[in-house]
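Grab a coffee and work through these exercises with the model open next to you. Try each task before you read its solution.

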Amino acid sequence: MANYALASFADSLKPPHRLAHLQSRNILCSKAQQLVLLANRSSQTLFVNPQLEMSPSAAVAMSPAIIETTNHLASSPNLGAPIVLPQSHKQRVSNPGRAFVRNALLSHLAAMDVDAGVSDSENGFFVADVGEVYRQHLRWKRNLPRVEPFYAVKCNPDPQVVRLLASLGTGFDCASKAEIQQVLSLGVPENKIIYANPCKAASHIKFAANNGVRMMTFDNADELHKIKRLYPGASLLLRILTDDSKSLCQLGLKFGAPLDTTLPLLKLAKELELDIVGVSFHVGSGSWDPSAFVDAVERARCVFDEAASVGYDLKLLDVGGGFGHDNFETIAAVLGPAIDQHFPSTIRVIAEPGRYYVANAFTLAVNIIARRTVANQEGEAGLADKSYMYYVSDGVYGSFNCILFDHQHPVPRVLAHDGRFLYNEARGDSSVRCSVWGPTCDSLDCISEESFLPYALDVGDWLYFEEMGAYTGCAASRFNGFPISRVQYVNSEKGAEEMMKALSA
Ligand SMILES: *Cc1c(COP(=O)(O)O)cnc(C)c1O
């Protein structure tokens with residue numbers, strides 16, 4: 001295993017040749033806009049090439065190198081949209097987090113000896129860079145200064161993530177008693193918590209009442225009666241239905257008051273002498289159409305006006321979640337102005353981002369615990385003569401539940417092969433076809449039906465998956481007796497480290 005350490009040292013001295021390669025071709029891809037931009041070096045103009053428009057997954061399939069190089073540009077706090085390579089930088093662009101993640105992966109692998117059959121050594125594990133969460137927070141502040149983020153705990157309740165965000169002073173969107181408890185236990189003040197589940201269990205409402213967590217959402221009459229009975233002093237937000245058709249996870253099937261019900265609900269609340277303070281919405285998780293936010297803000301404005309007609313003076317707008325780490329600037333660029341256009345500065349505006357904060361902060365490494373070799377049909381162009389089925393140490397019943405529940409398509413990359421540590425390296429000619437399967441006995445447990453990797457991997461090798469921070473470990477089960485992948489932390493931001501120290505002191 002010492003080989004890994006040597007390889008890593010040598011690797012760290014290599015120039016970021018991929019980036020140089022991209023530059024030499026003047027190609028820059030912004031995943032955020034799902035477009036390939038052709039930069040004309042001499043005139044500094046950016047041309048959009050519509051022929052190359054593609055979905056993020058298609059783009060990843062085409063060239064992981066291109067996507068990856070710009071991903072870290074997108075998440076760098078110094079660069080907003082549009083993403084443009086600085087003329088002078090040449091080789092100097094680097095993701096501040098990547099080196100930290102690399103070291104953590106390397107030292108974990110170096111300490112493991114899978115071949116010896118030592119217990120746990122082949123378990124999957126996450127590397128979480130809390131510095132990335134910190135950078136996302138700065139990015140939020142820069143792009144949506146008027147909107148206070150209330151982190152949606154359900155997306156990833158990782159204790160270090162929640163602790164960091166608490167120390168940064170974000171609020172929290174909690175959906176249950178346990179989430180409220182977790183956040184309160186860190187000393188977060190009650191008024192920084194919104195209980196944003198429109199349909200709540202009675203005992204959870206009681207818990208909120210007993211702990212002074214006043215802000216909560218509702219979207220129907222039954223809930224109003226329940227709240228009247230259990231917590232008449234609550235500060236209520238009416239969650240309205242919005243168009244979520246352009247999002248990965250549509251929430252409108254389950255939640256949100258249709259606009260023809262909002263006036264009757266407001267009247268009922270008035271009769272019950274309940275305190276309505278604002279309006280909330282959620283355009284759907286993983287939203288790819290920024291205009292959904294604008295439309296929702298306009299609907300919220302209508303409901304504010306309806307409320308005024310009933311005698312309420314609403315003061316709070318909650319624009320929910322749905323922000324991606326790869327389309328944030330695009331959304332912010334239309335959402336910010338829409339809020340300003342429809343709501344005077346006396347209205348407080350909050351949001352409930354989940355995915356945005358954590359998606360990019362977690363990398364998952366899995367071990368190849370078993371392999372099956374499959375002969376390819378003769379004459380399949382460009383392919384080696386064999387394909388492989390890899391069985392790995394985490395799967396769809398574990399961290400990869402995001403494939404089922406969150407409509408994700410995680411992309412496998414080679415982390416270690418043949419004693420070599422290949423993080424961020426193994427690219428080039430990817431001609432070995434494989435499928436990747438989880439460890440359980442269910443055939444549904446498939447991570448990738450078809451991928452192409454540059455090597456034929458062996459049992460004991462490692463794969464890794466990036467962007468595994470949102471809706472992954474938190475919904476993992478122990479089905480079939482397989483353990484849940486643990487988290488190892490790194491912190492690529494000095495500022496984040498200091499915040500966390502201050503909090504624990
Ligand atoms: C899930 C959820 C969120 C977080 O959504 P993201 O798409 O992860 O930002 C926010 N608010 C509510 C009410 C939710 O249910």
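**Exercise 1: Strand E6 and its partners**

Three bridges join E6 to strand E7 (residues 193-195), and the two run parallel. A quick word on ground rules: this is a predicted model, where local features need pLDDT of at least 70, side-chain atom pairs count only at pLDDT 80 or more, and totals for chains, interfaces and linings use all residues. Residues are numbered from 1 along each chain as its sequence is written.

Task: work out which residues stand opposite each other along E6, and how its two faces are covered.

Step 1. Sort out the vocabulary: strands (E, at least two residues) and helices (H or I, at least four) are DSSP runs numbered from the N terminus, and two strands pair if DSSP finds at least two bridges between them.

Step 2. On the E7 side, Asp-173 sits opposite Ile-194.

Step 3. Now turn to E5, which is joined to E6 (residues 171-174) by three bridges, again running parallel. Here Phe-150 faces Gly-171, and Tyr-151 stands opposite Phe-172.

Step 4. Check the faces: Gly-171 and Asp-173 on one side, and Phe-172 and Cys-174 on the other, are all buried. "Buried" means 20 or more other C-beta atoms within 10 Å of the residue's own, "exposed" means 12 or fewer, and "partly exposed" is in between, with C-beta atoms placed from the backbone.

**Exercise 2: Following the chain through E5**

Task: find out how enclosed E5 is and which units E5 and E6 help to build.

Step 1. Count burial: five of the six residues of E5 (residues 147-152) are buried, so this strand is largely enclosed by the rest of the structure.

Step 2. Look at the other neighbour, E14 (residues 348-351), which runs parallel to E5 and is joined to it by three bridges. Val-147 is opposite Val-349 there.

Step 3. Trace the crossovers. E5, helix H7 (residues 159-168) and E6 form a right-handed β-α-β unit; E6, helix H8 (residues 177-184) and E7 form a right-handed one too. Right-handed means that, with the strands pointing away from you, the path from the first strand over the helix to the second runs clockwise.

**Exercise 3: Two annotated residues**

Task: place Lys-154 and Cys-441, and decide for each whether it is buried, partly exposed or exposed.

Step 1. UniProt (unreviewed entry) puts "modified residue: N6-(pyridoxal phosphate)lysine" at Lys-154 and lists Cys-441 as "active site". Such annotations may be inferred rather than shown by experiment.

Step 2. Lys-154 lies in the loop between E5 and H7. With 19 C-beta neighbours inside 10 Å, Lys-154 counts as partly exposed.

Step 3. Cys-441 is in the loop between strand E19 (432-437) and strand E20 (446-453). It has 8 other C-beta atoms within 10 Å, so Cys-441 is exposed.

Step 4. List contacts (C-beta atoms, placed from the backbone, within 7 Å). Leaving out residues up to four places away in sequence, Lys-154 touches Ala-175, Glu-179, Gly-354 and Cys-474.

**Exercise 4: Tyr-357**

Task: describe the surroundings of Tyr-357.

Step 1. Tyr-357 belongs to helix H14 (residues 355-358).

Step 2. There are 29 other C-beta atoms within 10 Å, so Tyr-357 is buried.

Step 3. Leaving out residues up to four places away in sequence, Tyr-357 touches Val-133, Gln-136 and Tyr-151.

Note on methods: Two residues are in contact if their C-beta atoms, placed from the backbone, lie within 7 Å.
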